Number of protein chains: 4
Amino acid sequence: MQTITPWIHKVQYYETDQMQVVHHSNFIRWFEECRVHILDEIGYGYDQLEAAGIASPVLTIEAKIGKSVHFGETVKIRAAIEKFDGIRLTLKYEVLRESDDVVCCTGKTGHCFLGADGRPISLKRKFPEVYEAFLALPTDFV
Amino acid sequence: MQTITPWIHKVQYYETDQMQVVHHSNFIRWFEECRVHILDEIGYGYDQLEAAGIASPVLTIEAKIGKSVHFGETVKIRAAIEKFDGIRLTLKYEVLRESDDVVCCTGKTGHCFLGADGRPISLKRKFPEVYEAFLALPTDFV
Amino acid sequence: MQTITPWIHKVQYYETDQMQVVHHSNFIRWFEECRVHILDEIGYGYDQLEAAGIASPVLTIEAKIGKSVHFGETVKIRAAIEKFDGIRLTLKYEVLRESDDVVCCTGKTGHCFLGADGRPISLKRKFPEVYEAFLALPTDFV
Amino acid sequence: MQTITPWIHKVQYYETDQMQVVHHSNFIRWFEECRVHILDEIGYGYDQLEAAGIASPVLTIEAKIGKSVHFGETVKIRAAIEKFDGIRLTLKYEVLRESDDVVCCTGKTGHCFLGADGRPISLKRKFPEVYEAFLALPTDFV
């Protein structure tokens, strides 16, 4: 069974805006940081997927910001699979303030998979072992 | 009647990623560019709102990316009010490729309004003239 | 004789940081915006250079920030050639506040040219017409 | 004697550009990440400095990029004091590829110190204990 750890991110000064909080676009970037991290953890890093000719563009984005995040804080980001059928993938995310585990932001991203020719592929048929690895990802936050 | 023009954005090299397309987080930033632009057009620039002690943080984000956008392209971004009651504001957006008006991305952002003390306010009661100006914003893309 | 216009940039909210000014890394991005703009103006857009197999990576960066730039302001960025011999290119930049033409930031970027194989090339020998176009760029701010 | 550790940064996908390398503006941001990190290590975090009413804007930036950095790589960034007299501070940086310690980028940033009123201050006179802490920073990469 795959162990998935949260992604730890120290909030950077350049991520703040003049409202004195993290600019909301960074949550979307942190989702990506976590997504890349969990792919590394299951042994199929995104750089390896790309090397194998697989791209996985973002088709949909959702985020709900409940608490502002500030410079000086550290956050942990957790991801889990919401839906995956080998063709479409939906991941869900939680951004927690590390000091007290308060959930600051939740979100989702939706993806498809493209082959080297830029056309949609079925991971299940084309890359069954990657498909199996993805299936091993947790479906709830751990 | 307020005339609202689309926001024109030339795609920048630093907005691309190694998939050779605009990184998805930039759509969220372009929504903000357009939001700031239409506030300027109705005569209540976001800098003036802030000077008056009003902040309008982003609470929710949604985006649907249908077509990749590339370096060398110019996009136009249009915004319209989806819902506004003086307390909550939902804006909707369309990102179109300028050369052929193809819609590449659509999205929404949800906002509240905070006063100088950081607490939610009713624009309608506290800043009726700003409230009225917002009401004059189009409710559909023009 | 080539006419080169300054690049106009409206300061964006996401470019600010919690010091309530534009984050310094954006000046480097604005240099790029202007660089791309003047290549467009001489008829050799960076997208066309890339399509022709020419890359022009940044080797050196210098910036001197004399005045902070703020949200709500518009800046114009001017570029000129400092040195160009067909192998190495040094551009210099000025960022001016549009309202009063105060110079807020000056800087330089140094570049080489790489061919499709990722190796340095002489523009003069490999792409003489691009070389000539670059020579037509102003050597002082206009 | 203060122990200063390098700052470890995993290269993120959103930091790449379509040249398939890290966009050069990110080196400037990584310098900041490291700067913030070493202030944390000497016990005067930048958030604490700001809370004490001290700002330390960037006045000058220099960077020399010798090797491209790629997605999938991890870098370590080291900083040391080049010059410090309590009024002006110059830091120098090295970005090394973690896998083989190859130096990919070197650079410098120059800073002054501003008080709560936005005017330059002498750290030495106004905040002698912060001044002393800065003096304890290494003057060479360790």
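User: Let's start with strand β2 of chain C and strand β2 of chain D. How many bridges join them, and do they run parallel or antiparallel?

Analyst: First, the general idea: strands of a sheet pair through backbone hydrogen bonds, and they can do so in a parallel or an antiparallel way. Now the case here, keeping in mind that this is a predicted model. Strand β2 of chain C (residues 58-65) and strand β2 of chain D (residues 58-65) run antiparallel and are joined by five bridges. To find your place on screen, look for C:T60, which stands opposite D:K64 in β2(D).

User: Okay, got that. Which strand of chain D is joined to β2(D) by seven bridges?

Analyst: That's β5 of chain D, residues 103-112, and this pair runs antiparallel. A handy landmark is D:I65, whose bridge partner in β5(D) is D:C105.

User: Now chains A and B. In what order do the ten strands of the open sheet come?

Analyst: Read the sheet as a row of neighbours. The order is β1(A)-β3(A)-β4(A)-β5(A)-β2(A)-β2(B)-β5(B)-β4(B)-β3(B)-β1(B), and the pairing is antiparallel. At the edges stand β1 (7-10) of chain A and β1 (7-10) of chain B; each has a single partner strand, so one side of each has no neighbour in the sheet. Going from one strand to the next, the twist averages 20°.

User: Can we zoom in on one edge? Over how many bridges do β1(B) and β3 of chain B pair?

Analyst: Over four bridges, in the antiparallel sense, with β3 covering residues 74-84 of chain B. Try clicking on B:W7: the residue opposite, in β3(B), is B:I77. Then look for helix α1 of chain B (residues 25-41), which packs on the sheet. This helix touches β2 (58-65) of chain A as well as β1, β2 (58-65), β3, β4 (88-97) and β5 (103-112) of chain B. Its direction makes about 65° with that of β5(B).

User: Next topic: copies. What turn and what shift lay chain B on chain A?

Analyst: The general idea is that two copies of a chain are related by a rotation about an axis and a shift along it. In this case, a turn of 180° and a shift of 0.0 Å along the axis lay chain B on chain A, with an RMSD of 0.0 Å. That is the relation of a two-fold axis. Within chain B, the C-alpha nearest the axis belongs to B:E62, at 2.3 Å from it. Both copies use the same surface, as 100% of the contact residues of chain B recur in chain A.

User: And what rotation superposes chain A on chain C?

Analyst: A rotation of 180°, with 0.0 Å of shift along its axis and an RMSD of 0.0 Å. Here too the same surface serves both copies: 100% of the contact residues of chain A recur in chain C.

User: Let's take one chain by itself. How many helices and strands does chain A have?

Analyst: Four helices and five strands. Walk along from the N terminus and you meet them as β-α-α-β-β-β-β-α-α. The radius of gyration of chain A is 16 Å, close to the 14 Å that the globule rule gives for 142 residues, so chain A is as compact as a globular protein of that length. Its C-alpha atoms fill a box of roughly 45 × 30 × 20 Å along the principal axes.

User: What share of the residues in chain A is buried?

Analyst: Buried residues make up 58% of the 142. The accessible surface of chain A is about 5,900 Å², and carbon and sulfur atoms hold 50% of that.

User: Last one: phi. Where does B:D101 sit, and what is its phi?

Analyst: As a general rule, most residues other than glycine have a negative phi. B:D101 has a positive phi, near 60°, and is not a glycine. You'll find B:D101 in the loop between β4 and β5 of chain B, and at 39% relative accessibility it counts as partly exposed. D:Q20 is another non-glycine residue with a positive phi, about 70°. D:Q20 lies in the loop between β1 (7-10) and α1 (25-41) of chain D, and is partly exposed at 35% relative accessible area.

Notes:
Residues numbered from 1 in each chain as written. Chains lettered and ligands numbered in written order. Predicted model: local features only at pLDDT ≥ 70, side-chain atom pairs only at ≥ 80, totals over all residues. Heavy atoms only, no water. Pairing = 2+ DSSP bridges. Helix = DSSP H or I, 4+ residues; strand = E, 2+ residues; numbered from the N terminus. Axes fitted to C-alpha atoms, helices over the stretch in contact; angles between N-to-C directions. Contact = heavy atoms within 4.5 Å. Least-squares fit on C-alpha atoms with pLDDT ≥ 70 in both. Rg over C-alpha atoms; globule rule 2.2 N^0.38 Å. Buried < 20%, exposed > 50% of the residue type's maximum accessible area, 1.4 Å probe, protein only. Areas by Shrake-Rupley, 256 points an atom, 1.4 Å probe, with all protein chains shown as cover.
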